[in-house]
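Trainee: Could you take me through one part of this model closely, residue by residue, and then place that part beside the other packed regions?

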Amino acid sequence: MLLAPNDVYEKLEFDKIKEWLDRQCLGETGRQRIENLVLHTQKFMIDRLLNEAAEFKTTLEENHHFPLSNYESLDEEIRMLNVAGFVMSEQQLKRLADNIRVIYRIFQFFKRDKRESYPSLYDIVRNIQFNEDLLHAIDRVVDEEGKIRSDASPELMRIRKLQIAKRKELDRVFRVVINEYKSKGFLKDSVESFRNGRRVLSAPAEHKRKIRGIIHDESATGKTAFIEPEAVIQINNDIFDLENEEKREIYRILRDLTETIRPYLPLIQEYHSIIARYDVIRAKALLANELDACKPKLKSEPFIGIKDGYHPLLFLKNKKEGKKTIPFTLHLLNQNRILVLSGPNAGGKSIALKSLGLMQLMLQSGLLVPVSPESEMGVFEKLFIDIGDQQSLEDELSTYSSRLRNMKIFLDQCDEKTLILIDEFGSGTDPKIGGSIAEAILKELNRKKIFGLVTTHYSNLKIFAYKNKGIVNGSMTFDMDNLSPTYELAVGKPGSSYAFEIAEKSGLDKKIIHYAKHKTGKNEKAIDELLVDLQREKQELSERLAKMEAQQQSFDKLVKNYERMNNELEYRRRKLKLDIKEQNLQAKAHTNRELEKLVRDIRQEQNLEKAKALLKENKTEREEMSKEIHELQESVYYTQDKKQKNDAPIEVGEFVKLRTGGGDVAKVESIHKNNAVILVGQLRMTVKVRDLQRADTPITAPRKGKVNTDTVTTTSNFVNKLDLRGMRRDEAIRTVELFVDEALIANGNELRIIHGKGDGVLRRAVRQKLREYSAVQAVRHEEPKHGGDGVTIVELG
């Protein structure tokens with residue numbers, strides 16, 4: 001993100017936000033990252049950072065302790081491990097072990113059903129494996145206090161056991177010597193001390209020649225001598241030798257361990273980076289917790305839609321003092337991209353301006369902001385500000401000259417992805433000239449379609465904002481009754497400076513105020529009042545227009561709903577007619593057996609002409625009925641579908657189902673011209689593409705009941721019997737669908753479905769499902785001796 005001038009952080013007080021975050025970090029590496037916080041301009045990156053902070057904030061709110069603790073920087077260790085022959089010290093190993101234990105606890109945290117609860121936090125370690133060999137290698141050598149374990153090697157164990165034995169021997173012999181010389185009065189009250197790493201006796205100078213041993217030191221006054229008794233010299237020598245052996249063995253152990261650790265250097269760097277990243281996220285979450293901040297709706301393009309926003313630092317200050325902070329709401333979009341904010345001094349204009357800038361910096365650095373969750377904020381690529389005194393003695397620039405220099409930079413580099421904040425626009429020179437120059441700059445900024453907020457007292461800028469699209473007036477409201485600011489932002493109308501009212505409240509002499517009013521004249525006040533009236537009327541018209549647009553949208557929606565309902569009603573009417581015709585056709589087929597019986601009777605009577613006439617009449621009726629059903633199918637299933645908006649052709653790999661009959665979802669395997677091969681479970685079918693319609697992706701669920709069916713997938717050995725007993729209703733319906741589809745492919749004529757009698761639930765479900773198939777000619781029960789109502793016979797045409 002491009003910033004100008006160089007002191008943007010200081011002017012918007014973002015540096016204080018960083019200082020607050022710095023104090024919350026648990027390690028130096030995290031503090032370095034806060035110092036180098038990056039302002040991102042890519043939505044996906046900002047979105048990811050905000051999600052991480054929001055999820056960590058949730059862990060704080062839900063008391064899900066995230067196992068992050070104090071850690072030390074490993075920068076030196078990582079740098080030195082790249083040096084061949086380098087051997088890590090015990091203290092360096094302790095720092096490394098502490099870091100690895102922290103990362104181990106983090107991995108353990110995500111093993112306890114936290115992956116789904118905090119997906120963004122888990123993504124940080126999702127593709128990283130924790131190497132327990134590294135931790136075990138260190139734990140075998142170093143304990144939690146950073147000391148080398150005695151069992152780090154057999155040799156070290158032997159040396160330390162000998163040290164313990166020698167020290168016990170030293171204690172025993174030393175006590176004997178002390179008792180001997182103490183009884184002779186050769187020792188002082190404090191009988192022993194340590195000199196040069198050795199245990200010695202404290203003897204008065206006049207007795208030092210009476211004690212056999214080595215004098216290691218004398219007191220400053222020369223009255224006390226520190227003597228190592230002759231009896232313990234050899235023991236101390238042995239202990240000294242053992243200590244040197246211990247140092248050599250420890251160095252060997254550390255050297256070997258360093259060589260073991262060195263191949264893990266990339267992993268150590270990654271672990272340390274992850275800890276620092278979580279440290280920064282934790283600091284962001286703690287700040288969000290203090291601010292009651294949240295993640296607004298994020299847009300990739302420049303956009304400002306703040307609802308109930310607070311200045312972060314002012315909110316923290318007032319919260320500490322028990323004061324209330326007044327929120328503000330501000331929407332800047334294509335129609336109104338620049339806000340010209342006016343109002344009395346000390347009314348909150350500069351706070352509103354700084355709030356906008358500071359929250360934008362926080363957002364693009366991945367910090368949650370103190371706004372309503374309904375707020376919408378966009379991404380800017382440039383942020384330019386002009387706030388406060390810019391006077392420079394080094395560059396020989398006055399305040400106004402420095403502000404003009406800033407304006408030149410802004411105009412040269414700004415574009416539609418720039419946010420510009422200017423405080424007291426046009427001030428610092430003659431009001432008329434300054435106001436004119438400010439108006440010209442504002443015109444050019446508006447032409448370049450920047451987003452911005454400028455504060456001013458100049459009437460010409462308020463009038464310019466009123467007359468030009470892209471710019472809107474705003475004000476900080478003022479309580480006229482109490483002559484005090486309310487600190488509330490009102491967009492849509494300009495504000496007055498209320499200079500005379502504030503002067504009266506401050507106790508300024510009335511004669512002075514009267515003189516000032518006389519010199520100002522009525523025109524200045526009249527312009528302000530006229531501007532306010534015009535702005536109010538404009539606001540009312542805008543609101544009325546918005547209301548009419550909303551009503552028009554509601555009307556259009558009602559018309560669309562009417563058309564949809566009318567089409568649906570027509571569809572249902574035709575579908576009902578189709579169902580009736582199909583039922584009639586089934587009834588006609590049902591009586592076909594009686595007709596055949598009648599024909600046989602007639603043949604027996606040798607009346608062939610009458611039989612042919614009856615057969616011809618029956619055939620004609622069935623053909624006419626089939627034709628009507630076909631026309632209705634065209635109308636219901638195909639003509640109606642052409643009216644739908646989604647006319648994209650069905651493609652290979654999509655899930656589909658038949659338009660007529662059956663509800664099983666199939667997958668398209670291949671398409672050749674007008675035919676498609678579809679897969680229903682393990683069954684392949686060739687159907688016309690026009691007979692298919694798109695279906696939702698099926699949800700696969702294991703069946704709990706046992707399906708007892710003799711059905712097979714090949715047409716050559718299709719078995720026409722299906723047993724549904726023991727199945728649930730839904731499972732039975734799915735099984736019947738598959739069974740009938742297989743029968744149709746195998747050109748089956750008569751099907752036998754066993755469902756049992758019971759309470760009739762399965763029987764009714766089977767009947768209802770069979771009505772969906774146009775190929776079903778007749779449905780009847782089996783004869784009582786073969787199962788009666790417990791068996792359904794299906795005849796296919």
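Mentor: Let us begin with Asp-386, bearing in mind that the model is predicted. Leaving aside residues up to four places away in sequence, Asp-386 touches Arg-403, Asn-406, Met-407, Phe-410, Leu-421, Ile-422 and Asp-423. Asp-386 belongs to strand β11, which covers residues 382–386, and it counts as buried because its relative accessibility is 0%, where the cut-off is under 20%.

One of these partners, Leu-421, leads on to the nonpolar packing, since Leu-421 is among the residues with the most contacts inside the largest nonpolar core, a set of 58 residues in which Phe-14, Ile-17, Leu-21, Leu-287, Leu-330 and Met-362 are also listed in that way. The element that gives the most to this core is helix α13 (residues 349–364), with eight residues. Phe-14, again not counting residues up to four places away in sequence, touches Tyr-9, Leu-37, Leu-358, Leu-361, Met-362, Ser-365 and Leu-367. A second, separate core has 52 residues, including Met-88, Leu-93, Ile-138 and Val-141.

For another buried polar residue, turn to Ser-153, which is found in the loop between α8 (132–139) and α9 (154–183) and is buried at a relative accessible area of 7%. The side chain of Ser-153 makes a polar contact of 2.7 Å with the side chain of Glu-249, while a polar atom of the Ser-153 side chain lies 3.1 Å from the backbone nitrogen of Leu-156. Beyond four places in sequence, Ser-153 touches Glu-249, Arg-252 and Ile-253.

Terms used
Residues are numbered from 1 along each chain as its sequence is written. This is a predicted model: local features need pLDDT of at least 70, side-chain atom pairs count only at pLDDT 80 or more; totals for chains, interfaces and linings use all residues. Side-chain values use heavy atoms; hydrogens and water are left out. Helices (H or I, at least four residues) and strands (E, at least two) are DSSP runs, numbered from the N terminus. Buried means under 20% relative accessible area, exposed over 50%, partly exposed in between (1.4 Å probe, protein chains only). A polar contact is a pair of N or O atoms within 3.5 Å; within protein, one must be able to donate a hydrogen and the other to accept it, and residues adjacent in sequence count only if both atoms are side-chain atoms. Contact means heavy atoms within 4.5 Å. A nonpolar core is a set of buried Ala, Val, Leu, Ile, Met, Phe, Trp, Tyr and Cys residues joined through side-chain atoms within 4.5 Å.
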